[in-house]
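Subject: Handing over a structure, with notes

Dear colleague,

I am passing on the structure below, together with notes on what was found in it. Please read the notes with the structure open beside them.

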Amino acid sequence: MIVQIQSADSNRETPEWALIELNGELVPPTDVPKEQTDKDDDNLVESDRMELGSLKFTPEGTPIIIVGSHELKGEVVTLKEPFCVMNKKRKRDENVEYTVVGVVTKKLLFTNYPKTIMR
């Protein structure tokens, strides 16, 4: 079987993505209704997505993420080996095609305890 891999746009450079690594557990709110999702599609649909919080960078380049009433300060770490993010498409003749949509070279690492924000 031949698996075809192609770039999303051969005229442009592949965009660089970053990971966000958090320590601990994120518990989604229970009052958000779960809508019907398209289970035939391998991609996330709009109802599978939930806003995590806001991400900002200080002038020095330190990432800060605010999740609910908590603020976390992190650091930017370069990965030892970059990897690519691919979109999988099934074709009618049972073949699979992958499209490279991004390359991950860095991660935003949040290892410290969060600071509580009083609003």
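Which residue in S4 is the bridge partner of Lys56? The partner is Ile64, and this pair belongs to the contact between S3 and strand S4 (residues 63–67), which run antiparallel to each other over four bridges. Please keep in mind throughout that the model is a predicted one.

Overall architecture

The protein contains eight strands and zero helices, so that reading along the sequence gives the pattern β-β-β-β-β-β-β-β. Of its 119 residues, 17% are buried. The accessible surface amounts to about 9900 Å², and carbon and sulfur atoms account for 50% of that area. Among the contacts with a separation of 6 or more, 59% are between residues that stand 24 or more positions apart.

The sheet of four strands

S3 and S4 are part of an open sheet of four strands, whose order is S3-S4-S5-S8 and whose pairing is antiparallel. At its edges are strand S3 (54–57) and strand S8 (115–116), each of which pairs on one side only. As general background, the strands of a sheet pair through backbone hydrogen bonds, and they do so in either a parallel or an antiparallel manner.

In strand S8 you will find Thr116, which counts as partly exposed because its relative accessibility is 48%. Leaving aside residues up to four places away in sequence, Thr116 touches Ser69 and His70. Thr116 and Val67, although separated by 49 residues in sequence, have C-alpha atoms that are 10.0 Å apart in space.

Strands S2, S6 and S7

Strand S7 (residues 96–110) pairs with S2 in the parallel sense, over seven bridges, and within this pairing Leu19 stands opposite Lys107. Strand S7 is also joined to strand S6 (residues 75–90), this time in the antiparallel sense and through twelve bridges, with Cys84 standing opposite Val103 in S7. S6 and S7 together make a hairpin in which five residues lie between the two strands, and Glu94, which is in the turn, has a positive phi of about 70°.

The two salt bridges

How many salt bridges does a search of the whole structure find? The search finds two.

One of them is formed by Glu21 and Lys107, whose closest N and O atoms are 2.8 Å apart. Because Glu21 lies in strand S2 and Lys107 in strand S7, this pair ties together parts that are 86 residues apart in sequence. The side chains of Lys107 and Glu21 are also listed as joined by a polar contact of 2.8 Å. The two partners fall into separate accessibility classes: Glu21 is partly exposed, with a relative accessible area of 31%, whereas Lys107 has a relative accessibility of 18% and therefore counts as buried, the cut-off for buried being under 20%. Not counting residues up to four places away in sequence, the contacts of Lys107 are Leu19, Glu21, Glu75, Val76, Val77 and Leu79.

The other salt bridge is between the side chains of Lys115 and Glu71, with an N to O distance of 3.7 Å. Lys115 is in strand S8 and Glu71 is in strand S5 (residues 70–73), so that the pair links distant parts of the chain, 44 residues apart. Glu71 counts as buried because its relative accessibility is 17%.

A nonpolar patch on the surface

Which residues make the nonpolar surface patch of about 340 Å²? The patch is made by Ile20, Leu55, Phe57 and Val76. Of these, Ile20 has its place in strand S2 (residues 16–22), and with a relative accessibility of 41% it counts as partly exposed. Val76, another member of the patch, has already appeared above as one of the residues that Lys107 touches.

If you would like to follow the notes in the viewer, Lys107 may be a convenient place to begin, since Lys107 stands opposite Leu19 and forms the salt bridge with Glu21.

With best wishes

How values were computed
Residues are numbered from 1 along each chain as its sequence is written. This is a predicted model: local features need pLDDT of at least 70, side-chain atom pairs count only at pLDDT 80 or more; totals for chains, interfaces and linings use all residues. Side-chain values use heavy atoms; hydrogens and water are left out. Patches are made of residues with over 30% relative accessible area and no salt bridge: like charges are joined within 9 Å, nonpolar side chains (Val, Leu, Ile, Met, Phe, Trp, Tyr) within 5 Å. Accessible areas come from the Shrake-Rupley method with a 1.4 Å probe; for residues, only the protein chains shown count as cover. A salt bridge is a side-chain nitrogen of Lys or Arg within 4 Å of a carboxyl oxygen of Asp or Glu. Buried means under 20% relative accessible area, exposed over 50%, partly exposed in between (1.4 Å probe, protein chains only). Two strands pair if DSSP finds at least two bridges between them. A polar contact is a pair of N or O atoms within 3.5 Å; within protein, one must be able to donate a hydrogen and the other to accept it, and residues adjacent in sequence count only if both atoms are side-chain atoms. Contact means heavy atoms within 4.5 Å.
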